[in-house]
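This report looks at one pocket and at one strand, together with the strands beside it. The structure comes first, and the description follows.

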Amino acid sequence: WAQVDPGSTQTLPREITFNAAARTLQQYPIEELKELRGEATEASGQYSGIVNLVLEKGSGNQAEVIVAFDLPTTAETLTVSIGNGTGTPVERFMENTDLPGDDYNITHHPKGTPASVCQSVCDNDSACDAWTYVIRGADGGGDCCLKSEVPCPRTPP
């Protein structure tokens, strides 16, 4: 088992190979894990656009999504979302919350600088998708961390 952030996500080891004829990556659970599988619950077919396929609650103890698509002639985006669609709530200002990683600029501010200054800097920078303001250091000042992505929020211990 591997556990990745957020701590609620787990993944099984997989064997990944490249199928040259189909020009695609294929992945399969390693041989020892095949015995853990129950009967498959399928929602298969040919779809285009936004599709919401819902499986009954408790329909399985393992989730595996297999997606096949025609190789596009131009750049395309494929997205598969798993979950109830609510995700982790992200607000404009989240006190006591860390957004770890994806920093591209960190600027130290003197003690007493409000976090709204960092928010304003981010608002005026087209490369900034998120920010955190962290109070640290002997002088009690804060670091404004501008981020190029919106990392998964977590509450520090």
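The text below takes the pocket lining and then the strand pairing. The model is predicted, not experimental.

**Pocket**

The second largest pocket has a volume of about 540 Å³. Its lining counts 22 residues, and Met-94, Thr-97, Trp-131, Thr-132 and Tyr-133 are the closest to the pocket centre. By class, 13 residues of this lining are nonpolar, six are charged and three are polar. At least two lining residues come from each of α1 (115–123) and β6 (130–135). The most is given by β6, which supplies six residues.

**Strand β7 and its partners**

Strand β7 covers residues 142–147, and six of its six residues are buried, so the strand is largely enclosed by the rest of the structure. In a regular strand, side chains alternate between the two faces of the sheet. For β7 both faces are covered: Gly-142, Cys-144 and Leu-146 are buried on one side, and Asp-143, Cys-145 and Lys-147 are buried on the other.

Two strand pairings involve β7, as tabulated here.

| Pair | Sense | Bridges |
|---|---|---|
| β5 (residues 103–109) and β7 | antiparallel | six bridges |
| β6 and β7 | antiparallel | six bridges |

Within the pairing with β5, Thr-107 stands opposite Cys-144 of β7. Trp-131 has Leu-146 in β7 as its bridge partner; Trp-131 is also among the residues closest to the centre of the second largest pocket. Which residue takes a positive phi in the hairpin of β6 and β7? With six residues between the strands, this hairpin has Gly-137 at a positive phi near 95 degrees.

Notes:
Residues numbered from 1 in each chain as written. Predicted model: local features only at pLDDT ≥ 70, side-chain atom pairs only at ≥ 80, totals over all residues. Heavy atoms only, no water. 1 Å grid on protein atoms, 1.4 Å probe; cavity = no way out; pocket = protein on both sides within 12 Å on 5 of 7 lines; lining within 4 Å. Points joined across faces, edges and corners; volume = space filled by probe spheres on them. Helix = DSSP H or I, 4+ residues; strand = E, 2+ residues; numbered from the N terminus. Nonpolar A, V, L, I, M, F, W, Y, C, P; charged D, E, K, R; others polar. Buried < 20%, exposed > 50% of the residue type's maximum accessible area, 1.4 Å probe, protein only. Pairing = 2+ DSSP bridges.
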